[in-house]
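User: I have a model open and would like to know what lies behind the terms used for it. Could you take me through the reasoning?

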Amino acid sequence: MATPHFSSALPVPAVSPAYPMAKPGYGKRTAPDQQPRTRDDFALLPTRERYVAGFVDHLPDGAEMSVKQLAKQLPLYGQQAVSTSLKALSVAGHLRRVRCCVGAGDETRWVFRTFWSRTARDNEWWNTYLATKNATRTAAPTTTPEAPASPDLAALAEPSAPTAVPHQRTPAPDAEPAPPTQPTREATPSPAYLTLARLGRNDHRLALSADDCTTLEPLATQWLDRGVTTDYLTNALTAGLPTQVDSPIGLIRRRLIDKLPPQLPTTTASTPADTLTPTRRLLVECTDCGRPGPPEALPDGLCRPCHQTHTTGSNTTSPDATQIAAVKTHMANLRTLLKPV
């Protein structure tokens, strides 16, 4: 028996050289381990999905993948038809829309990517692949700081250190090191000392002398060591002052001791950061409504409401026997009421 040959009913349009590329980090991303491109690719898909899939497959990595941009290049279909086709391709296992967090510290940002596979993949393959991408992204920040520590740089730094240090120390006079230590301490006081010294400028009732600030500095340092800011410390010392303050140093000492904030454990701050980064680094986005979630919660690249609508939408349009009988009864009652007497 001859095997039927499926061919595309519509010719796939060529990708224009002027097709816009997405911003760096966004756009199309090709999945690995795909089969070579053949004439029978996407043969089992409907005509419209086959047409859209053939065009997307020829796009380069980093190309713009928005529905609006794809509809501009596909004149046979509008944005709604392209959006429906992308949803069908997601269910067929050819694409997944993903948002991932890149960067470090305060410079993190979310980027949106569309992973594309010419070879149809099941949910298990996509979940494993996206989990691998997630693991590599969380491991990348830890490996980058170790890169500069190469043996060549270490070998170059060792001979220069001992030769430069003795030459800088030998010409230094013996009588000069003592004076610089005193101005450096006075020019760079601690944040706790500065906070206490500024209290009198904010409120004259809390004016402290230099000796008073030096005496209270260890107590104020305990506050800052427990993670509070200088503004928080200032507000705690100046809130609710009496009308007249006879002893500013006594009042501030009492408040520093009585209102000392609790000590928070340092392990709780680092442990959740290590455990939560994998879940926040990569999220799958519903191809239909854009709702984000982990790969396991979006089978076929769709959230559960959209997936349920996709699977049961065809059955909700046809009325059942009960609805037909109710309509017939209602029409019979209307005929009885409208019958002329």
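**Rings, charges and strands**

Analyst: Happy to, and let's begin with a charge and a ring: Arg 121 lies over the face of Trp 125, 4.3 Å from the ring centre. Please keep in mind that this is a predicted model.

User: Which residues form a cluster with Trp 125 through ring pairs?

Analyst: Phe 115, Trp 126 and Tyr 129 are linked with Trp 125 into that cluster by ring pairs. The structure holds 7 aromatic pairs.

User: Why is the pair of Tyr 19 and Phe 55 called edge-to-face?

Analyst: The planes of the Tyr 19 and Phe 55 rings stand at 65°, and an angle over 60 degrees counts as edge-to-face. Their centres are 6.0 Å apart, which is within the 6.5 Å limit for a pair. Tyr 19 belongs to the segment before E1 and Phe 55 to helix H1, so the pair ties together parts that are 36 residues apart in sequence. Both Tyr 19 and Phe 55 are buried.

User: What makes the pair of Phe 42 and Trp 116 tilted?

Analyst: Here the angle between the planes is 50°. Stacked needs under 30 degrees and edge-to-face needs over 60, so the rest count as tilted. Phe 42 sits in the loop between E1 and H1 while Trp 116 is in strand E3, so this pair ties together parts that are 74 residues apart in sequence.

User: How do you know whether Phe 42 and Trp 116 are buried or exposed?

Analyst: Buried means under 20% relative accessible area. Phe 42 has 10% and is buried; Trp 116 has 0% and is buried as well.

User: Where does Trp 116 stand in the sheet, and what lies opposite?

Analyst: Trp 116 is in E3, and Thr 30 stands opposite. E1 and E3 run parallel and are joined by 4 bridges, whereas E2 and E3 run antiparallel with 8 bridges. One position along that second pairing has Arg 97 opposite Thr 114 in E3.

User: What makes the pairing of the sheet mixed?

Analyst: The pairing is mixed in this open sheet of 5 strands, ordered E1-E3-E2-E4-E5: E1 and E3 are parallel, while E2 and E3 are antiparallel. E4 and E5 also pair in the antiparallel sense, over 2 bridges.

User: Why is the pair of Asp 57 and Arg 37 called a salt bridge?

Analyst: Their side chains meet with N to O at 2.8 Å, and the cut-off is within 4 Å. Asp 57 is in helix H1 and Arg 37 in the loop between E1 and H1, 20 residues apart, so the pair links distant parts of the chain. Arg 118 is linked with Arg 37 and Asp 57 in a network of salt bridges.

User: How do you know which of Asp 57 and Arg 37 is buried?

Analyst: Asp 57, at 6% relative accessible area, is buried. Arg 37, at 43%, is partly exposed, since that class runs between 20% and 50%.

User: And what makes Asp 258 exposed but Arg 254 partly exposed?

Analyst: Exposed means over 50%. Asp 258 counts as exposed at 51% relative accessibility, and Arg 254 counts as partly exposed at 46%. Their side chains meet in a salt bridge, 3.0 Å from N to O, and both lie in helix H10, 4 residues apart, about one turn of the helix.

Methods: Residues numbered from 1 in each chain as written. Predicted model: local features only at pLDDT ≥ 70, side-chain atom pairs only at ≥ 80, totals over all residues. Heavy atoms only, no water. Pairing = 2+ DSSP bridges. Buried < 20%, exposed > 50% of the residue type's maximum accessible area, 1.4 Å probe, protein only. Lys NZ or Arg CZ within 6 Å of the ring centre and 35° of its normal.
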